[in-house]
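User: I've got a model open and I'd like to learn how to read it. Can you walk me through it?

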Amino acid sequence: MPLILETIVTTQGADGRLHLVPFGLIALGAHFVLAPFRPSPTIANLESNPCFAAAAPADMRVIAGCVTGRRDWATLPCERIPGRRLAEAYGHREFEVVAVEDDPLRPRFRARIVHEAAHRPFTGYNRAQAAVLEAAILSTRLDRLPPDKVLSEMRYLHIAVSKTAGPAEREAWHWIEEKVAAALNLAAADRLLVDDTEA
């Protein structure tokens, strides 16, 4: 299995509009591959402006926010490519697309690093942050997974949230929980989250 880095990818369209989205970058030798599913604003942006930034978010609410419709996060100008990158990040890389493998479902954009920088010390993620990341990914696959599996995984991931989350992780978790509950038509009394005061 290839190394996949979970990041916040920023692309910019021909009209200058930014699109922030969580993406797993696939390591491929000296390059990384970005493989969005169609239809996608990321694909349209890369076709008009074949470069992107990928950042390691310092706040898991960015990932949870992007998968629940909250995309208004602060950005800063990139150094070497036309575009912007996530501001609240441990570090970021800027990429230039060097090859495209077209596909009707999931084209693959192979890119090389043209710039990278660290922005703040990384002292480690806690278990709740990892759980929020997994729940965010899970929430993008609700149309492909049985409801029982979704609920089982959310309940398991919540154990880490209840034991180690800070305020940011709890807020991020609630956003994802609301999305999952709405998608599965769960009533308020049937929500996945047990009372955080149990931790």
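User: Among contacts between residues at least 6 apart in sequence, what percentage join residues at least 24 apart?

Analyst: Keep in mind that this is a predicted model. For the protein, the share is 63%, counting contacts between residues at least 6 apart.

User: Okay, and which elements does the chain run through from the N terminus on?

Analyst: Read them off in order: β-β-β-α-β-α-β-β-β-β-α-α-α. That gives 8 strands and 5 helices. The radius of gyration is 17 Å, close to the 16 Å from the globule rule for 199 residues, so the protein is as compact as a globular protein of that length. Along the principal axes, the C-alpha trace spans about 50 × 40 × 35 Å.

User: How much of the protein is buried?

Analyst: Count a residue as buried when its relative accessible area is under 20%. Here 46% of the 199 residues qualify. As for the outside, the protein exposes about 10400 Å², with 52% of that supplied by carbon and sulfur atoms.

User: Now a single helix. Which residues of H3 are buried?

Analyst: General idea: an α-helix has 3.6 residues a turn, so residues three or four places apart point the same way. In H3, which covers residues 127-139, the buried ones include Ala128, Ala131, Val132, Ala135 and Leu138.

User: What do the buried residues of H3 pack against?

Analyst: Their partners are strand E1 (4-12) and three helices: H2 (60-67), H4 (147-164) and H5 (167-183).

User: And how many charged side chains are there, positive and negative?

Analyst: The protein has 23 positive and 25 negative ones, and the centres of the two sets lie 3 Å apart.

Key
Residues are numbered from 1 along each chain as its sequence is written. This is a predicted model: local features need pLDDT of at least 70, side-chain atom pairs count only at pLDDT 80 or more; totals for chains, interfaces and linings use all residues. Side-chain values use heavy atoms; hydrogens and water are left out. Helices (H or I, at least four residues) and strands (E, at least two) are DSSP runs, numbered from the N terminus. The radius of gyration is taken over C-alpha atoms; the globule rule is 2.2 Å times the number of residues to the power 0.38. Buried means under 20% relative accessible area, exposed over 50%, partly exposed in between (1.4 Å probe, protein chains only). Contact means heavy atoms within 4.5 Å. Accessible areas come from the Shrake-Rupley method with a 1.4 Å probe; for residues, only the protein chains shown count as cover. Lys and Arg count as positive and Asp and Glu as negative; His and the chain ends are not counted. The place of a charge is taken as NZ of Lys, CZ of Arg, CG of Asp or CD of Glu. The expected span of a helix is 1.5 Å times one less than its number of residues.
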